[in-house]
Every structure is written in structure tokens, then in C-alpha cells.
Amino acid sequence: MKAPFFIEVLARNGEVRHRQRVEALPIRIGRGYDNDFILDDLHTSANHVIIELNEAGGLVVRDMGSRNGVFHKGKRHDRLSIDGNTVFRLGHTSLRIRSADFSVAGETRDTTIHSWEGLRPALTGLVLMTLLSLSLTWLTDSENAEPVHYITGLAAMLGMGLLWCGGWTMANRLFAGQTRFGRHLFIAASGLVVMELLSLLLSLASFAFSLDTLSRYGSHFAFAIAAGVVFFHLVTISPNSTRRFAAAAVLLLLLSSGVTLLFHYQNQGQLADDLYMDDLYSPALRVSSSKTVEQFVAETRQLKPKVDKERSKELRAAGEEGDED
């Protein structure tokens, strides 16, 4: 190993929080001011460990009689042989030591679109939110078109969007040192547009092909899009943690869908959001064949025994409760 040596303090996710250069061995580490590397950690002693060469010419961490010791992979060590990839813990501090001849990984390709920063994505996000708000108000406004309906709808959407993006911007500033408000605003606006378009397409497909399952479980598609939006927000903050963030997004989707299914089953006795398809369109959009009146009546008659049976159970249960009273 070639001097100088670099002592790195690591965060829980493995990122380097602080790095200090030390010219030669041995290296003394602890809270005392007579050390080569001072730890501001109340769970370390004044002279906690010393880093020196072992018989094979490698580095070894030797405990100098501290109370909390040296930990590596959950086990305490009095002497621990280390290399440039070994992470060990002193108190509440994770450390790694590398020499000047440590071989680093190759350069990572920069896939960031640097031109898509600042004002461009922010204005695009605002335009998307504005168009979406005006479109939704126009589609749902059954009364006389009044400007106040459009203004209040737009103010509500922009207010919630800016509040949501403000939180992600603060997190971006705190954990990555950059704000990137424009990107977060564009991600949120894109997610809202995709969510509304998908809801419309699912409703149309449900009506056209008689696939009422698509509309009755539409909330879970919305959860999937929301999880994707959260994933892109997180990747904007830390682009090097895509796998971990993807797992978090999938967990969020499963949790939200599971809670929704349990809530519907507990309160309505069914897993679906609605009992039936609640959106009707022009008959010209129908692709599946329509049923005749005779088929409809026949299917209705088949339902009668089941309904009578359920009603009989309810009446018997009510009668038993009345006898007990």
C-alpha cells in the first residue's frame, strides 16, 4: 500500500460524507485532540484505535482498549485486517481507509440531460397542469360555464402541485445540494396527466369491450402511476440508487393496493372500488356485441334465487335478534 492514506466517513447508504488525508502510518483515531483523525462521536473513546501495518504488509485496525470496540459485519474485533473496501464501525461512525494506489472503478457514463434544468421543465410542468385543470373542469362542469369554476380548479391544482414539488425540492437541496424545482414540477405534472389519460382509456376500454374489471379496480392503476412518480422524484435526488428506489416504489404500490382492498372488503364486502361500471358513453363506441332483451331477462332470473337466499338469511338473523331482545 502506498502513502498517503485517506480516511472516509460513510453514511448509511455508503456515500462518503467526509474524507481526510493522512500522510503516513500509524494512524491514531479517537475523540482526543492528539489523534491523527478526530472523531466527533460520543460513543468512541479518546484513543480508540490505531491503524498500522500487519506482518503481510496490509493494514490492520487494532483496538486500544475502548469500551465500545471495533465492529465489522456485526462482530466485535480486537484486531481487524482491512483493505480499501472494508467498512468498519467505531461507536456510531462507519469508516473506510484507502491508500493512494487504490484502484477506483471506471468512469460512469453521464446520462443526465443537463439542458433539461431550471426554467424549461418548470414552465412545461405549469403548462401541463394548467391544460389538465382546464380540461377536467370543462369535462365535469355540467352547469353554465362560469370563469370562477375554471379559476378555482386551476388554483387548487397549482397550489397542491407547488406544495408537493416544494417538499421534494427541499429534500433535493438537503440530500443532494441542488434544488431542481423545475424537474420535480415536470415529474409531478407528467404523472397527473398520465394518470388522467389512463383513467379515461381504462373507462373507454371497459365500456367498449365490457371489461368492467378495468373500471372497478381503476384505483390500483393510479397507485402504480403514483409509485412511478415517487420513483422519478427519488432518482432525481440520487441517480445512483435506482434499484433501491425501484424496490421502495414497488413496496409503496403493494402497500397502498393492499390497504385499499382490505378497506373495501371490510366496509363494502367486496374488493372492487365500485359495484358496477359507472361511466357510459355513446353506443357507437361499443366493440363487444350487445345482449338482447331476452338474454338480459334470463340472466336476471338467474340472479333471483341467489338474492332470495341472501334475503332469507338476513330475515332469519333479524328474527333471532328480535327473539333475544
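**View 1. Helix 3 and helix 5 run roughly antiparallel to each other.** This close-up comes from a predicted model, as do the views that follow. The axes of helix 3 and helix 5 come within 10 Å and cross at roughly 165 degrees. Angles over 145 degrees count as roughly antiparallel, so that is the label this pair gets. As for handedness, helix 3 and helix 5 make a right-handed crossing. To find them in the sequence, look for residues 181-209 for helix 3 and 218-237 for helix 5.

**View 2. Helix 5 also packs against helix 6.** Helix 6 covers residues 242-268, and its axis lies 9 Å from that of helix 5, at an angle of about 155 degrees. That makes this pair roughly antiparallel too. Here again the crossing is right-handed.

**View 3. The largest pocket holds about 540 Å³ of space.** Which residues lie nearest its centre? They are Thr111, Arg183, Phe232, Val235 and Thr236, out of a lining of 22 residues. The helices from the first view turn up here as well: helix 3 and helix 5 each put at least two residues into the lining. By residue type, the lining of this pocket splits into 10 nonpolar, 8 polar and 4 charged.

**View 4. Six strands make an open, antiparallel sheet.** Follow the strands across and you get the order 2-1-11-10-7-8. At the edges sit strand 2 (16-22) and strand 8 (75-77), each of which pairs on one side only. From one strand to the next, the twist averages 35 degrees.

**View 5. Here's a look at how strand 1 pairs with strand 2.** Strand 1 takes in residues 5-10, and its antiparallel pairing with strand 2 runs over 6 bridges. What is the bridge partner of Phe5 in strand 2? It's Val22.

**View 6. A second open sheet has 5 strands and mixed pairing.** Its strand order is 4-3-5-6-9. Why is one side of strand 4 and of strand 9 left without a neighbour in the sheet? Strand 4 (37-38) and strand 9 (79-82) stand at the edges, so each has a single partner strand.

**View 7. Strand 5 and strand 6 pair in the antiparallel sense.** Strand 5 spans residues 49-53 and strand 6 spans residues 59-63, with 5 bridges between the two. One spot to pick out is Ile51, which stands opposite Val61 in strand 6. In general, strands of a sheet pair through backbone hydrogen bonds, either parallel or antiparallel.

Key. Residues numbered from 1 in each chain as written. Predicted model: local features only at pLDDT ≥ 70, side-chain atom pairs only at ≥ 80, totals over all residues. Heavy atoms only, no water. Pairing = 2+ DSSP bridges. Helix = DSSP H or I, 4+ residues; strand = E, 2+ residues; numbered from the N terminus. 1 Å grid on protein atoms, 1.4 Å probe; cavity = no way out; pocket = protein on both sides within 12 Å on 5 of 7 lines; lining within 4 Å. Points joined across faces, edges and corners; volume = space filled by probe spheres on them. Nonpolar A, V, L, I, M, F, W, Y, C, P; charged D, E, K, R; others polar. Axes fitted to C-alpha atoms, helices over the stretch in contact; angles between N-to-C directions. Parallel < 35°, antiparallel > 145°, perpendicular 65-115°, else oblique. Left-handed = near helix turned anticlockwise from the far one by under 90°.
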